[in-house]
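Colleague: I'd like a close look at one part of this model, with its surroundings filled in as you go. Could you walk me through it?

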Amino acid sequence: MYKAYWCCCILIFCNLQLEAQTLIDTSSVVNKELLQLKYNLQAAKLANNDKKESQAYIQLGDFYNQLKLKSEAVKNYQLYLSLNNDKDTSLVYVKNAIAAINVDLKNYNEAINHLHESLSISEKINDLKGKANANALFGTIEEKKGDYKRALAYQNKSLNIFKKLQDSTGLAVSNENIGSIYEDLEQYDLAYQYFKKAFVFSKNSDSHIRINIINNLGDVNRKQGYYNKALTYTSQALDLARATNNFSQIESALKDLARIYAGKEDFEQAYNYLNQQSTVNEQELKLHNAELVSAMQVRYDVKEKEAALEILNKQNQINNVQKYIIITITGAIILTFIIGFLYLKKRRKHEKAILEYKQQLLQADLEKKITEETALKREIDIKVSSLTNYSLHIAHKNKMLSDVSKTLTKIKGRNSELIKSKIQQLVEEIEADLSHNNEWTELMGYFGQIHPNFFESLKQVATSKLSASEMRLCMLLRLNLSSKEIAEVLRITSDSVRIARYRLRKKLPLNSKEDLQAYLLNL
């Protein structure tokens, strides 16, 4: 009986493997990897090898994490935790992976709980790499929460451990993390030093890490006003990203190039790079969605085969029970009654299994809708980018008109009385144009389309009434513009922006440690 059962299992899995091979011939690399991982998991289950099954769940978790399917990744990591009882390096790795996902989802308390467990286990088993990664994640959490002092302390702990391990990739990432913190603190010289160290250590690292570091080198130079140097680094990052078909890094580099040319007041080039970034963004979104849909299709095909195998196994059990009843039970009436009873029972189980499968299909539809929502979010990000470009256009126009006004004011005393009168009239017209609010009205109208409830929410939380200039400042901060960019748009000095920000903080429910811009971004 058992021999026949295992023969059926082997035949079904051979059929599954052949169909999987057909899919591989026509699918992307993503599909091939998913099929292989699923096959490894089923093989481990059939062999009752808990160790290999645990590793298969980790590999599936990593696979879904790379595709940004966070829920599926966490699900497979949790399956590993339910199966594994050993406190080893794999457990530390999984705890750190779950914590990293929660950091991305801004579930900081959940991430901290997993990291405390990770640190406790890594210290007991002396897993230095796991300990270093946990400290780095703690630093990332503190950086996102705005506590830069604690963030630096954690990142330096991570850096010292990677020094002991002589882990060049870990050293590259740690130095980059510390540089990012100093960049947030606007200590650009220190940030540049750490990014340079990260660049040296990244020679043997993944290309994504190396490109990101080069991009940071370009960005920190741009913020210091060294546009030519920034242009060299960012162009290098763009070339490397294109060589490795890394669309996210291509998009990032194009965005930084647009900012560099905007800083150099070459707005035509800035606009061209923004257009290129928008195109790459659409290509990346289409590619990512295609990979997700393709991977999900293969995943559901495999699950359908697994369900068919499960149904066959249950049907085989029914047949065995029926044969056993025919042989052991005498009397046609009693035998028929027992077989009928068992058949109905198994039939209900079969219907229940089908119902569960339908529920899984509904879950798949839900995940598809989540993917569509992500696409809509990307579209909003593109609109925000366009809005920021419009703000820079206003700043450019205001600067140009202001310069013309100043020039005319200087030369009006050098000409005849008639010329002086005409020039004075032209100055007044330009000044009137500069004070005109139509562009602000249009800009705030665009902003309202993207963030319809922002001003209403702002008025509700404000402790006192906000002036029109303060509302404009809130809008520009919500667009994630720097103080320098805001000064150009409003035609005021950076010191005036700082004072305006200080006065605005007084009218909002903020404590001394909270960041004003982060508060408005989350409003």
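What follows is a look at one helix position and its neighbourhood, then at other salt bridges and the chain as a whole.

Colleague: Where does Asn 96 sit, and which residues is Asn 96 in contact with, leaving aside its neighbours within four places in sequence?

Modeller: Keep in mind that this is a predicted model. Asn 96 belongs to helix α5, which covers residues 89-104. Its relative accessible area is 7%, so Asn 96 counts as buried, the cut-off being under 20%. If you skip the neighbours within four places in sequence, the residues in contact with Asn 96 are Leu 115, Ser 118, Gly 130, Asn 133, Ala 134 and Leu 137. Among them, Ser 118 deserves a second glance: the side chains of Asn 96 and Ser 118 are joined by a polar contact of 2.7 Å.

Now look at Lys 95, also in helix α5. Lys 95 makes a salt bridge with Glu 117, with 2.7 Å between the closest N and O atoms. This pair ties together distant parts of the chain, as Glu 117 lies in helix α6 (residues 108-125) and the two partners are 22 residues apart. The two ends of the bridge are covered to unlike degrees: Lys 95 has 9% relative accessibility and counts as buried, whereas Glu 117, at 37%, is partly exposed.

That bridge is one of eleven salt bridges in the structure. For a pair within one helix, go to α13, residues 247-263. This helix has 17 residues and runs 24 Å from its first C-alpha to its last, close to the 24 Å expected at 1.5 Å a residue. Inside α13, Asp 256 and Arg 259 are three residues apart, about one turn of the helix. They form a salt bridge, and their closest N and O atoms are 3.9 Å apart. With the cut-off for such a bridge at 4 Å, the pair still counts. Asp 256 is buried at 7% relative accessibility, while Arg 259 is partly exposed at 34%. Asp 256 has charged and polar company on the list of buried residues in α13, which includes Gln 249 and Glu 251. Also on that list are Ile 250, Leu 254, Leu 257, Ile 260 and Tyr 261. After α13 comes Glu 265, whose phi is positive, near 65 degrees.

Another pair within one helix is in α15, which spans residues 332-411. Here Arg 347 and Glu 351 are four residues apart, again about one turn of the helix. Their side chains meet in a salt bridge of 3.8 Å, N to O. Both partners are partly exposed, Arg 347 at 38% and Glu 351 at 44%. Elsewhere, salt bridges that share partners join Glu 183, Asp 219, Arg 222 and Lys 223 into one network.

Stepping back to the chain as a whole, there are 22 helices and zero strands. Of the 523 residues, 40% are buried, and Asn 96 is one of the buried ones. Among contacts with a separation of 6 or more, 59% are between residues 24 or more positions apart. The chain exposes about 29900 Å², and carbon and sulfur atoms supply 53% of that area.

How values were computed. Residues numbered from 1 in each chain as written. Predicted model: local features only at pLDDT ≥ 70, side-chain atom pairs only at ≥ 80, totals over all residues. Heavy atoms only, no water. Helix = DSSP H or I, 4+ residues; strand = E, 2+ residues; numbered from the N terminus. Buried < 20%, exposed > 50% of the residue type's maximum accessible area, 1.4 Å probe, protein only. Polar contact = N/O pair within 3.5 Å; in protein donor to acceptor, adjacent residues only side chain to side chain. Contact = heavy atoms within 4.5 Å. Expected span 1.5 Å × (residues − 1). Areas by Shrake-Rupley, 256 points an atom, 1.4 Å probe, with all protein chains shown as cover.
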